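User: Could you take me through one part of this model in some detail? I'd like to look at a pocket and whatever sits around it.

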Amino acid sequence: MNDEPAETTGAPTAAARTTSANATPRATTGSAPTTALPPVGTRLPAPISAPSPASTYRIEDLAHLSGTTVRTIRAYQDKGLLPRPERRGRANVYSQAHLQRLHQIADLLDRGYTLASIKELLEAWDTGRGLGGVLGLVAEVDGPWTDEQADRITRSELVERFGGVPDEAAVTDAVELGVLEPVPGEEDLFLVPSPQELSVAAELHAAGVPLSAITGHLRELRGQIEHIAARFLDFTTEHVFARYLSGHQAPSEADTAEAAALIRRLRPLAQQSVDAELARAMRSLATRHLRQHLGADASVQRTSESFPVQIPASTIQAVERLVGPEHLQAFITAAAEREVQTRTLDCLTASAQNTSKLDQSP
């Protein structure tokens, strides 16, 4: 039975790896220095090959030197993260290259990569491509998409900020939505990933909106925003990044570096587009909404801008199945325009026929 580690199982701390590297192994020759992953942009050495005769280890020694466990080493082998050892007689022998690979896996785990991502990165290295460009690309994608800095808040501060009355159900909802994150070992302390989002909730609550309504609105809004984000990713993938993904061969280090630079340039565009369109929609709809609720005598003037129309969900789903979500708006618009044109033609035809009948009457 193979025991598979969790994403961080067997990932020693920097201190543990340093301590273990100074220990004396039961090796045939010499000791093995700790090998740290070079900075992003540095081309790594050649791929792992046969074990070096200079330093060979048993699995127990390898685990001790790398600061991990025998169980984790075997799990890494089963997952394809670590090459199999050389068989010498009845013993499995590990080399300096295996130790180096274990240190690289530990360093990547420390950076927050999953085992699946680490496998892809190491496969890129083993095929002769440097990790620098790949790591740079992953760093851009995984990096922060906002300049906002996380903050912390105590439970008492949270209660005071939201009216002074404790509401555990609201706290539970906020944790579930990721608005608050419990701090391990601190029962009454929370991390606030987006202080701005928490401030919006506090202002809405102060204006009289119940906390349950705020969390319900956030759930609905999040689904809509995720749809917008997915559409933006599809759009940029099709028109910008397709050239890096469509080839039969994996992108080169230069390609990944160029793609990382593009992501850095395009990163703010999604938010800027949403901000501009939200401002336009609020300007258009808020005025109309206010006039309706104030009972203004003057009818709301429709502009050339688009305005919402209530369409049954079943109709939307049927159209999406027919033409796909990306063509939904165009299809409905074209169908409406065709219906208007058809009725206009019918009216013109009927009018012409009536005129003809009048002309033929005695």
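Analyst: Sure, let's take the second largest pocket. By class, its lining has 4 nonpolar, 3 polar and 5 charged residues. Keep in mind that this is a predicted model. The volume of this pocket comes to about 200 Å³. Its lining has 12 residues, and the ones closest to the centre are Ile59, Arg74, Pro85, Asn92 and Tyr94. As for where the lining comes from, helix 2 (59-66), helix 3 (70-79) and strand 3 each give at least two residues.

Strand 3 is a good way into the surroundings. The sheet here is open, with 3 strands in the order 1-3-2 and antiparallel pairing. At its edges are strand 1 (56-57) and strand 2 (86-88), each pairing on one side only. Strand 3 (residues 91-95) runs antiparallel to strand 1, and 2 bridges join them. One pairing to pick out on screen: Thr56 has Ser95 of strand 3 as its bridge partner. Helix 4 (residues 96-110) then lies across strand 1 and strand 3, at about 65° to strand 3.

How far to trust the rest? The protein has a mean pLDDT of 74, with 68% of its residues at 70 or more. Confidence peaks in helix 7 (residues 155-161) at a mean of 95 and is lowest in helix 1 (residues 14-21) at 41. Residues 1-53 stay under 50 in pLDDT, though the model gives them 104 contacts beyond four places in sequence. Residues 296-300 are also below 50, with 3 contacts beyond near neighbours in sequence. Where pLDDT is low, don't read the predicted coordinates in detail.

Terms used
Residues are numbered from 1 along each chain as its sequence is written. This is a predicted model: local features need pLDDT of at least 70, side-chain atom pairs count only at pLDDT 80 or more; totals for chains, interfaces and linings use all residues. Side-chain values use heavy atoms; hydrogens and water are left out. Two strands pair if DSSP finds at least two bridges between them. Helices (H or I, at least four residues) and strands (E, at least two) are DSSP runs, numbered from the N terminus. Contact means heavy atoms within 4.5 Å. Axes are lines fitted to C-alpha atoms, for helices over the stretch in contact, and angles run from 0 to 180 degrees between N-to-C directions. On a 1 Å grid over the protein atoms alone, a cavity is a set of points where a 1.4 Å probe fits but cannot get out, and a pocket is an open set with protein on both sides within 12 Å along at least five of seven lines; lining residues have an atom within 4 Å of a point. Grid points are joined across faces, edges and corners, and a volume is the space filled by probe spheres set on the points. Ala, Val, Leu, Ile, Met, Phe, Trp, Tyr, Cys and Pro count as nonpolar, Asp, Glu, Lys and Arg as charged, and the others, Gly among them, as polar. pLDDT is the predictor's confidence in each residue, from 0 to 100.
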